[in-house]
Amino acid sequence: MPHPRHPRRRSEIWVGARDSLPMLLGAAPFGIIFGTLAVPSGLSPFGALAMSLLVFAGSAQFIAINLLAGGAGLPVILLTTFVVNLRHALYSATLLPHVAGLRQRWRIPLAFWLTDETFAVVQQRYAAPDLSPHKHWYYLGSALAMYGNWFLCTLLGVLLGRSIPRLEHLGLEFAMAATFTGIVVPLLKGLPMLGAALAAAAVALTARGLPYKLGLVLAALAGVVIGVVLEELRGPS
Amino acid sequence: MSGHELALILGMTAITFLIRYAFFALGDRLAFPPLAHRALRFVPVAVLTAIIMPMVLLPDGAHWQISWHNPWLLGAGVTGVIAWRFHHLLASITGGMLVFFLFRWIAG
């Protein structure tokens with residue numbers, strides 16, 4: 001037994017990983033598609049793997065290779081990364097009371113591994129009524145499972161992409177459009193959300209000729225502003 | 001790996017990490033304004049819609065193709081309907097891709 005004094009820690013890690021299983025299955029196809037599309041989009045195979053290891057943010061990675069293939073400039077990709085990932089600040093603000101007692105050597109890796117999926121799983125663990133002092137080991141278990149899964153799926157996708165020549169002519173980029181559509185449609189609930197989508201669509205289509213894909217930034221901004229304004233007009237619900 | 005690629009990956013790494021770490025690092029000295037909280041909820045819909053629409057309506061990047069002979073529009077439409085009706089992401093993507101590839105195969 002490597003840790004005879006801390007059986008609880010090991011079981012927290014294991015249960016954290018196990019509870020993340022549905023999330024692993026959900027993320028796997030996206031990791032594979034990302035790896036497959038990254039190289040035709042302009043990343044090197046090594047760059048695709050490095051992005052999954054270092055950035056570790058699915059939607060931002062997808063959007064980045066999409067922008068890269070469309071000829072976007074570095075500032076636009078970085079700005080979009082910022083906007084798209086800003087939701088993570090919300091997650092860390094929510095989890096802060098639970099990690100505030102931990103040392104920075106815990107907080108740094110836990111922050112690095114904070115994804116939508118791990119947040120969803122870990123938040124439930126922290127909300128559980130038991131007073132286990134090892135709930136951050138559960139967080140670690142979920143994070144490591146997601147991280148390993150994401151890297152392996154990216155690797156699989158890169159290898160798959162290399163074995164299919166002229167992949168870019170297959171129309172597999174449609175997988176990206178389909179993924180985004182499948183994510184957006186269920187979110188379109190209520191007038192403010194619909195208005196945000198319509199405003200973003202209108203600006204994106206009108207401003208699509210702007211250089212460096214600046215139209216995307218304008219469209220996102222327009223969508224957010226219209227959404228907030230419509231919500232404001234409707235008053236508190 | 002080119003310098004541009006390195007800058008892209010390191011830049012994205014730094015931005016993503018700082019966003020995730022800011023609250024963990026600074027603790028209660030950082031406050032999230034309620035307006036930002038509300039605005040963030042619209043970000044995924046706004047960004048993703050802005051990416052999808054030009055891809056689907058102008059697949060070649062230059063010409064509008066608003067017709068059922070456009071496999072991108074057809075496939076995305078099927079994905080959207082399945083996602084809206086069943087709230088199942090993987091099923092909606094699979095359905096849309098099936099229609100997309102089937103259509104391209106039939107149309108030659």
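In the predicted model, the axes of helix H3 (residues 43-57) of chain B and helix H4 (residues 71-86) of chain B approach to within 7 Å and cross at roughly 135°. Because angles over 145 degrees would count as roughly antiparallel and those from 65 to 115 as roughly perpendicular, H3(B) and H4(B) are therefore described as oblique to each other. On the side of H3(B), the contact is formed by B:Ile52, B:Met55, B:Val56 and B:Leu57, which meet B:Trp72, B:Leu73 and B:Ala76 in H4(B). By class, the residues of this contact comprise seven nonpolar, no polar and no charged.

H3(B) also features in the largest nonpolar core, which has 101 residues and in which A:Ala200, A:Ala220, B:Ala46 and B:Ala50 have the most contacts. The largest share of this core, eleven residues, is contributed by H3 of chain B. The surroundings of A:Ala200 illustrate how residues of the two chains come together: when its neighbours within four places in sequence are left aside, A:Ala200 is in contact with A:Ala219, A:Ala220, A:Ala222 and A:Gly223, and, from chain B, with B:Ala46, B:Thr49 and B:Ala50.

Between the chains, 68 residues of chain A are in contact with 55 residues of chain B. On the side of chain A that touches chain B, two or more residues are given by each of helix H3 (45-54), helix H4 (58-69), H5, helix H6 (87-99), helix H7 (104-112), helix H10 (174-184), helix H11 (191-206) and helix H12 (214-234) of chain A. Of these elements, H10(A) gives the most, with ten residues. The composition of this side of chain A is 51 nonpolar, 13 polar and four charged residues.

Within chain A, the assignment distinguishes domain 1 (7-169) from domain 2 (188-234), and the centres of the two domains, taken over C-alpha atoms, are separated by 27 Å. Contact between them involves eight residues of domain 1 of chain A and six residues of domain 2 of chain A. Helix H5 (residues 74-85) of chain A supplies the largest share of the side of domain 1 that touches domain 2, namely four residues. This side of domain 1 of chain A consists of five nonpolar, three polar and no charged residues. H5 of chain A is thus represented in the contact with domain 2 of chain A and is also among the elements giving two or more residues to the side of chain A that touches chain B.

How values were computed:
Residues are numbered from 1 along each chain as its sequence is written. Chains are lettered from A and ligands numbered from 1 in the order in which they are written. This is a predicted model: local features need pLDDT of at least 70, side-chain atom pairs count only at pLDDT 80 or more; totals for chains, interfaces and linings use all residues. A nonpolar core is a set of buried Ala, Val, Leu, Ile, Met, Phe, Trp, Tyr and Cys residues joined through C-beta atoms within 7 Å. A residue is buried if 20 or more other C-beta atoms lie within 10 Å of its own, exposed if 12 or fewer, and partly exposed in between; C-beta atoms are placed from the backbone. Two residues are in contact if their C-beta atoms, placed from the backbone, lie within 7 Å. Domain bounds come from an automatic or database domain assignment. Ala, Val, Leu, Ile, Met, Phe, Trp, Tyr, Cys and Pro count as nonpolar, Asp, Glu, Lys and Arg as charged, and the others, Gly among them, as polar. Axes are lines fitted to C-alpha atoms, for helices over the stretch in contact, and angles run from 0 to 180 degrees between N-to-C directions. Angles under 35 degrees count as roughly parallel, over 145 as roughly antiparallel, 65 to 115 as roughly perpendicular and the rest as oblique.
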